[in-house]
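Please read the report below alongside the sequence and the model. It describes selected parts of the complex in running text, with one table.

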Amino acid sequence: MKKSFSIMLSLVLLLMLALTGCGGGNGEKKAAGGNTEGKVMRVNNSSEPGSLHPAKLQGTHESWPLRHLFVGLTMKEPKGDNGEFEVVGAMAEKWDSSEDKKTYTFHLRNGLKWSNGDPLTAEDFEFAWKYALNPNTASDYAYQLYYIQGAEEYNSSKEKDPAKLKALEDKVAVKAKDEKTLEVRLVNPTPYFLELVSFYTYYPVNKKVQEQNKDWANDAKTFVSNGPFKLTEWKHKEGLKMVKNENYFQKDRIKLAGIDWAMVEDENTAWQMYRSGQLDLSYPLPGDVVGQLKGQNAPDFKIVPEYATYFYRFNTQKKPFTNVKVRKALAMAIERKTITENITQGGQKPAFALVAEGSEDTNGEDFRKVGGDYFKEDIAEAKKLLAEGLKEEGMDKMPKFNIMYNNLDLHKRIAEAIQEMWRNNLGIEVGLENVEFQVKIDREHKLDYDVSRAGWIADFIDPMTFMDMFTSVSTQNDTGWKSKSYDAEINKAKQSSDVKVRMEAIHKAEDIIMKDMPIMPIYFYTKAYTLKENITGVFTPPDEYPELKYAEIK
Amino acid sequence: MQPETRLTADMFRPVTDNFKDAEKIERPSISYRADVWRRLKLNKLAMAGLFIIIVLVIMAIIGPMISGYTYYKQDFTARNLRPSAEHWFGTDSSGRDIFTRIWYGARISLFIGVMAAFIDFVIGVIYGGISGLKGGRVDNIMMRIAEVLYSVPYLLMVILLMVIIGPGLWTIIMAMTLTGWIPMARLVRGQVLQLKEQEYVQASIALGADAKWILMKHILPNTMGLILVNVTLTVPTAIFAEATLSFLGLGIPAPRASWGTMANDALVSLLIGNAYQLFIPGFFISLTMFAFNVLGDGMRDALDPRMRK
Amino acid sequence: MLRYTLQRLGWALLTLWVVVTLTFFLMHMIPGNPFAKEGKMPPGVYENLMNYYHLNEPLYVQYGLYVKSLLSLDFGPSLKSSTITVNDYITEGFPVSLHLGLQALVIGVTLGIIFGVIAALYHNRFPDHVSMILAIIGISVPNFILATVLIHYVSVEWGLLPAATWGTWKHTILPSLALAAMPMAFIARLLRSSMLEVLGQDYIKTAKAKGLARNVVIIKHTLRNAILPVVTVLGIIAANLVTGSFVIEHIFGIPGMGEMFVKGIFNRDYPVILGSTIFYSAILIFLIFLVDVMYTWIDPRIKVTGGSK
């Protein structure tokens with residue numbers, strides 16, 4: 001008995017040893033071709049994309065790789081080193097717009113092809129946009145298309161009758177007039193519409209492929225796209241590989257042979273992978289690493305502007321945050337510079353307003369410069385305001401409350417610092433609440449919090465991306481704050497085709513919200529990343545992750 | 001042999017006068033407890049462990065008081081300082097004094113460990129005791145329930161609990177004790193099953209003693225040794241688990257610190273050359289684990305009559 | 001023997017079912033919703049998502065639907081991904097985790113046995129102390145610290161091995177080592193005390209007295225008997241490997257089931273949470289069942305009565 005046991009044990013051990021000889025590699029979904037010897041760039045996507053179908057995206061884990069697989073009617077063309085860009089035609093060669101700026105007609109180039117050789121037509125655009133708006137597609141980002149007439153009605157419809165649903169679809173004001181012409185009618189004049197159509201929800205989808213196989217986007221073998229790269233391999237949760245698309249309309253501008261995407265979530269590990277040579281670009285970086293690299297003036301380290309604001313939300317439905325003086329006091333009693341210099345360490349700018357730096361006002365200057373700062377840090381004044389505010393609410397001292405944040409090292413440190421500052425400067429007790437991202441979102445929607453950490457990275461370069469969040473109907477408001485005059489100014493801005501009138505209205509709206517302070521701005525973001533020195537051509541628009549398509553490895 | 005020499009009784013003299021002495025037990029009589037303690041003392045490693053634990057506890061109490069700093073005060077002009085005369089263990093990335101935080105964290109980590117072990121003990125004894133005493137059907141069912149609970153993935157339970165109730169010191173302790181009591185229960189039950197058959201216990205029952213009495217008077221004293229060993233070995237497990245929870249972001253909320261959260265926060269410090277911020281809490285975790293483990297091992301050896309020297 | 005096995009199997013299945021039910025209901029108690037987004041979420045879109053995944057039905061209906069699909073081994077779609085189902089996660093993630101786990105187990109067991117034997121043979125001398133210190137390190141350093149340190153020195157500083165991800169055999173070394181530390185330490189200590197106990201037995205002395213070669217004595221007699229307790233804990237160790245694998249998989253970016261499991265929790269991806277819980281529980285229950293059966297098979301002295309441990 002004992003002998004056979006030991007034999008069995010040794011056999012099992014041998015078997016295991018044999019297993020260890022095998023490498024990884026399971027569930028591969030390779031497509032034909034795609035040998036990537038030579039100049040392949042390696043980056044980390046942090047997480048597995050939920051889907052790579054333009055209509056089904058959920059966040060940056062999808063949009064970053066997707067932007068390299070597809071291209072829209074327009075695209076962003078780099079200008080200079082700091083991420084500035086201009087919007088130029090991509091699939092569209094030229095376009096006309098009507099007097100009232102509500103109708104756009106796009107004229108596509110000749111000879112456009114999909115990665116599988118199919119010709120690309122205007123119908124592919126109409127099809128894709130309507131598909132994203134179809135309520136049965138359940139697209140998270142369909143709202144991005146609501147600028148188009150008929151889009152919101154179609155997408156929010158609960159109609160079950162297919163004929164009636166089709167009728168609604170037909171009312172969506174995007175039409176392929178012929179193979180090369182696409183006409184779009186908007187609800188309001190939208191000055192940033194041309195930038196908007198470079199956005200991933202506006203990408204085309206190969207109608208023929210989709211109609212034959214609705215799951216084409218799940219597998220590299222069946223994936224068809226029109227961008228600078230095409231997908232050759234997708235090992236779920238492990239990595240993506242893409243190679244240069246020879247059918248891309250500007251294929252000669254693409255110098256890379258391909259891009260390999262890892263999916264490592266832990267940011268410390270990602271950094272270590274960069275340092276050990278497994279990655280060519282590392283973004284985002286842990287805060288302390290940013291500080292260290294900045295201090296060292298490391299040659300592979302870059303900081304570029306980002307059009308984004310970091311702020312805290314107040315629950316204006318809960319005492320004492322119902323009182324504007326209390327909110328103002330809290331906003332004035334922290335030292336933003338301490339945070340940006342010691343915690344975030346990436347050269348961020350303290351924020352005293354909602355809209356970040358980086359958008360142009362009508363006189364050519366930065367919107368933020370024109371708008372200016374709305375308040376100052378002032379501890380004495382803050383103490384006074386706090387006392388007054390509390391009295392108005394019938395309280396004699398500030399009750400203990402919690403700062404809610406989602407579990408990221410940066411948010412934790414900032415919250416710790418602010419907790420300490422409020423204790424020091426105002427003598428109040430603050431607790432910290434660390435919750436999962438999903439829980440935080442849910443509680444914000446339910447107004448079940450005191451103060452909550454937030455950040456907004458712009459969807460497009462225009463102040464409206466920030467302002468739109470806080471209307472009374474916006475599902476992102478989450479502060480319980482409503483203002484009729486604010487809504488009025490925002491609507492005015494949306495409906496006006498006169499740029500001056502529009503900008504004025506936006507400034508007025510910002511005046512209103514900053515006077516009431518339902519949110520407390522803290523700093524404006526920057527983008528810090530490292531890139532191996534032998535790589536050039538990486539382009540970093542302020543409202544996106546780094547674009548790699550023009551990169552070149554020397 | 002010479003015929004003339006005959007052996008007579010007066011040629012022989014007894015070695016001792018008292019035959020009873022021949023049966024004398026040379027070792028002094030000693031109670032079980034004293035014997036265990038004596039043997040434990042002989043185990044140098046275990047004694048080292050005990051000594052370390054005592055020092056740690058003392059430092060946990062007085063440490064934060066003697067340093068002159070608080071564990072939460074941030075000083076951004078004094079970030080990331082190496083150990084020096086002003087800051088004996090240096091400062092962290094927010095300028096907080098590490099020496100103070102280590103000993104404050106010691107309080108938290110030790111508290112969690114001891115509390116978890118204690119609660120495991122109480123629940124385990126009661127559950128295992130009742131299960132063993134009742135026997136039969138009840139015992140079967142109770143043990144099955146225990147087995148089921150044991151099978152639910154520990155981490156899932158802990159996270160669920162953390163989310164439902166919210167992160168905090170007591171949440172962590174509660175989460176850890178969810179399934180931690182089961183080994184103790186099994187142990188006690190095993191002992192009970194064994195001792196139940198003893199005559200003195202049966203006599204007690206015949207005389208009308210209830211379960212509580214039996215447990216307290218008969219079962220516990222005989223099981224105490226094993227229980228103590230189990231408890232001593234539970235403490236490090238709890239500390240370890242707390243460190244892992246911190247890694248997952250479910251640890252003690254800031255600005256309070258435990259060794260686990262300090263170590264987790266300092267992972268990035270290693271990457272940028274401030275390795276001391278990671279190694280100091282790591283060292284203390286290991287030291288505590290080491291001390292409790294060797295003490296527990298030593299106690300187990302001392303309790304085992306077969307290893308008597 | 002057969003009857004015992006079947007009985008254990010029955011209990012195992014019952015346990016599994018209870019686990020499934022418990023987890024299902026507990027999970028729906030958690031606040032939080034998988035479709036909460038920071039971006040705009042018009043009510044129509046939200047409705048659609050809820051309907052697609054049946055989240056609007058009453059709880060017992062969802063439960064019924066789920067159990068039904070389980071019986072056909074369909075774990076359902078993931079709420080977060082329209083490209084992969086839970087079955088895909090399991091079929092793709094499990095082999096990876098299994099590979100990692102087995103490799104760590106082999107390393108841990110092998111090294112553990114070697115260290116344990118050395119320690120026992122050179123009892124209280126230098127090799128014993130060294131082995132035991134290594135073992136203590138293995139149990140007392142939290143695995144996320146060990147993993148980060150390993151990556152930092154071996155990969156970044158010395159450039160010997162890749163830092164993370166999974167691909168070639170080189171990628172598997174660091175994660176396996178980090179994961180193997182605990183089992184190795186556990187087994188080494190256990191084997192050491194077990195062997196010391198066996199070495200003191202009379203039949204060993206007899207073997208030595210008979211003049212048998214030292215190696216033969218060790219392997220043939222001592223090790224074989226001493227290894228029994230190690231077999232018992234193999235079940236527990238395997239269970240620990242499973243849960244420990246999450247931290248390791250997360251740090252090294254390994255696409256295994258552990259990583260998927262916790263992400264599922266953070267995302268409130270109900271089918272993923274359920275699927276992996278059931279899968280893990282099934283593994284653990286099966287392992288315990290296996291060990292139970294193996295144990296009685298190996299040691300004929302253990303009486304098989306009614307399944308009490």
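The text covers confidence, two sheets in one chain, one exposed residue, a helical chain and a contact between chains.

**Numbering and confidence**

Residues are numbered from 1 along each chain as its sequence is written, while chains are lettered from A and ligands numbered from 1 in the order in which they are written. This is a predicted model, in which local features need pLDDT of at least 70, side-chain atom pairs count only at pLDDT 80 or more, and totals for chains, interfaces and linings use all residues.

The predictor assigns the complex a pTM of 0.80 and an ipTM of 0.74. pLDDT is the predictor's confidence in each residue, from 0 to 100. For chain C the average pLDDT is 76, and 80% of the residues score at least 70. Residues 303–309 of chain C stay under 50 in pLDDT, and the model has four contacts for them beyond four places in sequence. A contact here means that the C-beta atoms of two residues, placed from the backbone, lie within 7 Å. Where pLDDT is low, the predicted coordinates should not be read in detail.

**The antiparallel sheet of chain A**

Helices (H or I, at least four residues) and strands (E, at least two) are DSSP runs, numbered from the N terminus. Two strands pair if DSSP finds at least two bridges between them. In chain A, four strands form an open sheet in the order β4-β5-β7-β6, with antiparallel pairing. Its edge strands are β4 (92–97) and β6 of chain A, each of which pairs on one side only. From one strand to the next, the twist averages 20 degrees. Axes are lines fitted to C-alpha atoms, for helices over the stretch in contact, and angles run from 0 to 180 degrees between N-to-C directions.

Strand β7 (residues 181–185) of chain A is joined to strand β5 (residues 103–108) of chain A by five antiparallel bridges. With strand β6 (residues 174–178) of chain A, β7(A) shares four bridges, also antiparallel. β6(A) and β7(A) make a hairpin with two residues between them. Some of the bridge partners in these strands, and in the second sheet, are set out below.

| Residue | Partner | Partner strand |
|---|---|---|
| His107(A) | Thr181(A) | β7(A) |
| Ala176(A) | Leu182(A) | β7(A) |
| Asp178(A) | Thr181(A) | β7(A) |
| Trp234(A) | Leu240(A) | β9(A) |

In a regular strand the side chains alternate between the two faces of the sheet. In β7(A), Leu182(A) and Val184(A) make up the covered face, whereas Thr181(A), Glu183(A) and Arg185(A) are on the uncovered one. Helix α3 (residues 122–133) of chain A lies across β5, β6 and β7 of chain A, and runs at about 165 degrees to β6(A).

**The mixed sheet of chain A**

Another open sheet of four strands in chain A has the order β1-β10-β9-β8, with mixed pairing. β1 (40–44) and β8 (229–235) of chain A are at the edges with a single partner strand each, so one side of each has no neighbour in the sheet. Neighbouring strands of this sheet are turned by 20 degrees against each other on average, direction ignored. β8(A) and strand β9 (residues 239–244) of chain A run antiparallel and are joined by six bridges. Helix α2 (residues 60–69) of chain A packs on the sheet, where it touches β8, β9 and β10 (258–262) of chain A, and its direction makes about 140 degrees with that of β8(A).

**An exposed lysine**

Lys515(A) is part of helix α18 (residues 499–516) of chain A. A residue is buried if 20 or more other C-beta atoms lie within 10 Å of its own, exposed if 12 or fewer, and partly exposed in between, with C-beta atoms placed from the backbone. Lys515(A) counts as exposed because it has 12 C-beta neighbours inside 10 Å.

**Chain B and its contact with chain C**

Chain B has eleven helices and zero strands. Of its 309 residues, 47% are buried.

Helix α11 (residues 276–303) of chain B and helix α5 (residues 126–140) of chain C cross at roughly 115 degrees, their axes coming within 9 Å. On the α11(B) side, Ile285(B), Ser286(B), Met289(B), Phe290(B) and Asn293(B) meet Ile136(C), Ile137(C), Ile139(C) and Ser140(C) in α5(C). By class, this contact has six nonpolar, three polar and no charged residues. Ala, Val, Leu, Ile, Met, Phe, Trp, Tyr, Cys and Pro count as nonpolar, Asp, Glu, Lys and Arg as charged, and the others, Gly among them, as polar.
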